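Thanks for coming, everyone. Please have the sequence and the structure open in front of you, and I will take you through a few parts of the chain one after another.

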Amino acid sequence: GQSQDLIKEDFELKALNMMVGLSNVKQNIITTFNRLKICVERRRLGLKVKGGECHHMLFTGNPGTGKTTVAKMMGRIYRSLGLLSKGDVVFVDRGKIVGSYIGDTERNMQRILQEARGNILFIDEAYALARKGMDNDFGREAIDTLVKLMEDNRDDLVVIVAGYTDEMHDFLTSNPGLISRFNKYIDFPDYTDDELM
């Protein structure tokens with residue numbers, strides 16, 4: 001029930017706060033959570049919610065900085081707020097998306113979407129879809145398809161793309177529709193020596 005979901009969301013925020021370091025990430029997630037909670041409550045009361053709801057996120061940073069762990073927490077938080085029906089995370093990368101022949105990539109994306117509906121679709125190293133100098137590569141087709149699917153399924157799908165900071169800029173500029181789809185950027189800094197200890 002609703003009270004159990006509230007307990008779950010509180011547990012996720014406590015688990016987030018217990019993670020080592022990531023102070024800026026934690027603040028970003030808590031701010032996002034509070035904003036979403038207000039939107040959900042306003043909608044429940046029949047009040048207007050400002051702007052269109054877009055929950056897609058972009059995580060930047062090096063491997064091993066907590067992006068996957070935080071994505072899993074976000075899935076459970078979105079579920080507890082009623083913004084996702086399931087709240088699991090479906091992990092994909094270029095190898096699972098891009099096909100070898102014309103039409104393969106779109107079919108792969110449709111299949112991935114079926115699995116991801118109600119969940120978070122986490123695309124790791126998303127910049128690999130936008131390789132420079134490979135105009136005939138099917139990665140571009142994957143990005144074009146992704147942009148459309150994100151818009152068509154915004155009511156029960158959250159997409160999180162992740163990768164190195166500089167390379168993700170290439171990804172975002174590879175399609176005019178991408179920048180407007182991601183309204184939340186979170187950078188995951190490297191752990192300090194003290195944090196690693």
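In strand E5, which covers residues 184–188 of this predicted model, the side chains alternate along the strand, with Lys 184, Ile 186 and Phe 188 pointing to one face, where they are buried, and with Tyr 185 and Asp 187 pointing to the other face, where they are not buried.

Strand E5 also has a partner, for strand E1, residues 57–61, runs parallel to E5 and is joined to it by five bridges. If you want to find one matched pair on your screen, look at Leu 58, whose bridge partner in E5 is Tyr 185.

Let us now step back to the loop between helix H2 (23–44) and E1, since this loop is the place of His 55. Is His 55 buried or exposed? His 55 has a relative accessibility of 9%, and because buried means under 20%, it counts as buried. Once we set aside the neighbours within four places in sequence, the residues in contact with His 55 are Leu 36, Tyr 78, Leu 83 and Val 158.

My last topic is the second largest pocket, which has a volume of about 150 Å³. Of the 15 residues that line this pocket, those nearest its centre are Asn 62, Pro 63, Gly 64, Lys 67 and Asp 124. Helix H3 (67–80), strand E3 (120–124) and strand E4 (158–163) each contribute at least two residues to the lining, and sorted by class the lining comprises seven polar, five nonpolar and three charged residues.

Methods:
Residues numbered from 1 in each chain as written. Predicted model: local features only at pLDDT ≥ 70, side-chain atom pairs only at ≥ 80, totals over all residues. Heavy atoms only, no water. 1 Å grid on protein atoms, 1.4 Å probe; cavity = no way out; pocket = protein on both sides within 12 Å on 5 of 7 lines; lining within 4 Å. Points joined across faces, edges and corners; volume = space filled by probe spheres on them. Helix = DSSP H or I, 4+ residues; strand = E, 2+ residues; numbered from the N terminus. Nonpolar A, V, L, I, M, F, W, Y, C, P; charged D, E, K, R; others polar. Buried < 20%, exposed > 50% of the residue type's maximum accessible area, 1.4 Å probe, protein only. Pairing = 2+ DSSP bridges. Contact = heavy atoms within 4.5 Å.
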